[in-house]
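I opened the notebook to look up a few positions. The entries follow the order of my checks.

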Amino acid sequence: MKTLDDYNFKNKKALIRVDFNVPVSKGEVGDTTRIEAAKPTIIKILEDGGSVILMSHLGRPENKEAKYSLEQIVPTVSEILGVETKFVNECVGEKAETAAKNLQAGEVLLLENLRYYPEETEGDKDFAQKLSKLGDIYVNDAFGTAHRAHASTTIVANYFEDKCFGYLLQKEIESLNKVLKSAEKPVTAILGGAKVSSKITVIENILDKVDHLIIGGGMAFTFIKARGGKVGSSLVEDDKQDLALEILEIADKKGVKIHLPIDSVIADSFSEMASTDITDTDSIPDGWMGLDAGPKTIENFSNVIAASKTILWNGPVGVFEMEPFSKGTIQIGEAIGDATEKGAFSLVGGGDSVSAVKQFNLEDRMSYVSTGGGAMLEMLEGKSLPGILAITNE
Ligand code: AMP
């Protein structure tokens with residue numbers, strides 16, 4: 001795997017695909033995490049004596065809407081990097097090429113929003129080739145878009161001899177490999193979230209890699225009902241019941257232990273104001289729905305987690321956005337934090353569990369929190385990401 005440390009950037013111009021798709025409101029950047037995450041890569045290149053051309057998308061602009069201009073984030077980027085960042089309101093063409101050419105060692109240039117050009121998402125070759133004229137070495141540090149075969153994330157790499165992953169993307173790949181390829185046993189995956197249908201491919205792929213599979217959240221009820229349980233009006237995908245039984249059977253054959261909730265916090269409506277109770281998950285009364293893991297379930301899940309050496313967490317075990325149903329997700333997060341402190345490797349990724357971890361201040365207690373939702377899910381599904389293949393030349 002070619003990474004930044006394989007190169008010395010002295011007097012080189014690095015064209016870096018970053019993910020600066022940050023929330024911007026009235027010119028203010030709401031969350032700077034993604035800019036900070038790219039900083040180590042940028043600083044390494046500048047310290048080598050190179051210069052940096054940054055390219056990113058912001059939102060999904062139709063035409064060149066000003067509210068999606070990356071010019072707005074220039075002061076924030078300058079502040080975070082500690083380097084005055086230049087800006088050019090194009091991505092390709094003479095103006096962009098001149099700005100890149102005039103860049104001196106130690107300087108940073110940010111290009112305009114890549115998605116101002118439809119060619120970007122189309123993966124257009126001419127556009128990619130024009131982008132490639134801006135730098136000597138291509139660096140991909142945008143995990144969030146690594147599953148897209150866009151011009152700047154994938155196609156552009158074809159026009160470079162010298163190309164590598166940035167530190168952020170390297171860390172994402174290494175963390176995932178630690179779980180999927182070289183995991184220390186026992187390995188436990190905790191899958192939660194709303195629907196089993198969106199996680200089927202993930203489940204099928206990880207059954208070969210884990211010793212324990214904890215299934216929580218809304219998706220657990222399809223399994224419970226398929227096994228003959230009464231789940232009231234909990235979230236169920238009736239057409240996935242056969243598949244749920246099949247998954248249980250395959251897991252059994254592979255020696256994977258499946259853990260389902262045994263009790264649930266139930267509510268008489270999907271609301272923070274609902275009346276609540278706790279019952280066994282397979283005997284939820286009509287008109288009531290399971291919205292969080294119950295105390296016995298939390299204890300069971302936590303015991304499995306405590307005995308694990310590698311832990312993957314994707315998806316909350318309850319409706320954590322509502323305070324009365326957040327306890328399960330918080331306590332599972334804490335159990336993972338405790339196991340991590342005792343030496344386990346923990347990876348959290350793929351959408352809502354990342355929001356939960358941030359919301360409940362558990363981020364620092366995990367070994368790694370992924371920055372890419374869709375990209376992470378695709379890797380868990382066993383897919384090869386085009387943005388990664390473009391660098392490894394596979
Ligand atoms: P996903 O995007 O599939 O990971 O689903 C995340 C969503 O699942 C969150 O918004 C949770 O509120 C929701 N969720 C978790 N547990 C349940 C449940 N028991 N019933 C309904 N929704 C749930």
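These notes cover the annotated binding-site residues and one further position in a predicted model.

**Entry 1: the annotation.** I started with the UniProt record, an unreviewed entry. It lists R34, R115 and R148 under "binding site". I then checked these residues against the lining of the largest cavity, and that lining includes R34.

**Entry 2: R115.** I looked for its place in the fold. R115 sits in the loop that joins β6 (108–111) to α4 (118–122). Is R115 buried or exposed? I found a relative accessible area of 15%, so R115 is buried, the cut-off being under 20%. Next I listed its contacts, leaving out residues up to four places away in sequence. R115 touches H57, G59, R60 and P61, then E120 and T121, and also T145 and H150.

**Entry 3: R148.** This residue is also in a loop, between β7 (137–140) and β8 (163–165). Its relative accessible area is 36%. I call R148 partly exposed because that value lies between the 20% and 50% limits. Which residues does R148 touch, not counting those up to four places away in sequence? I noted T153, T154 and P386.

**Entry 4: N205.** I moved on to a helix. N205 belongs to α7, residues 200–206. Its relative accessibility is 17%, so N205 counts as buried under the 20% cut-off. With neighbours within four places in sequence set aside, I found N205 in contact with M379, L380, E381 and G382.

**Recap.** R115 is buried, R148 is partly exposed, and N205 is buried.

Notes: Residues are numbered from 1 along each chain as its sequence is written. This is a predicted model: local features need pLDDT of at least 70, side-chain atom pairs count only at pLDDT 80 or more; totals for chains, interfaces and linings use all residues. Side-chain values use heavy atoms; hydrogens and water are left out. UniProt positions are given in the numbering used here, feature names are shortened, and annotations may be inferred rather than shown by experiment. On a 1 Å grid over the protein atoms alone, a cavity is a set of points where a 1.4 Å probe fits but cannot get out, and a pocket is an open set with protein on both sides within 12 Å along at least five of seven lines; lining residues have an atom within 4 Å of a point. Helices (H or I, at least four residues) and strands (E, at least two) are DSSP runs, numbered from the N terminus. Buried means under 20% relative accessible area, exposed over 50%, partly exposed in between (1.4 Å probe, protein chains only). Contact means heavy atoms within 4.5 Å.
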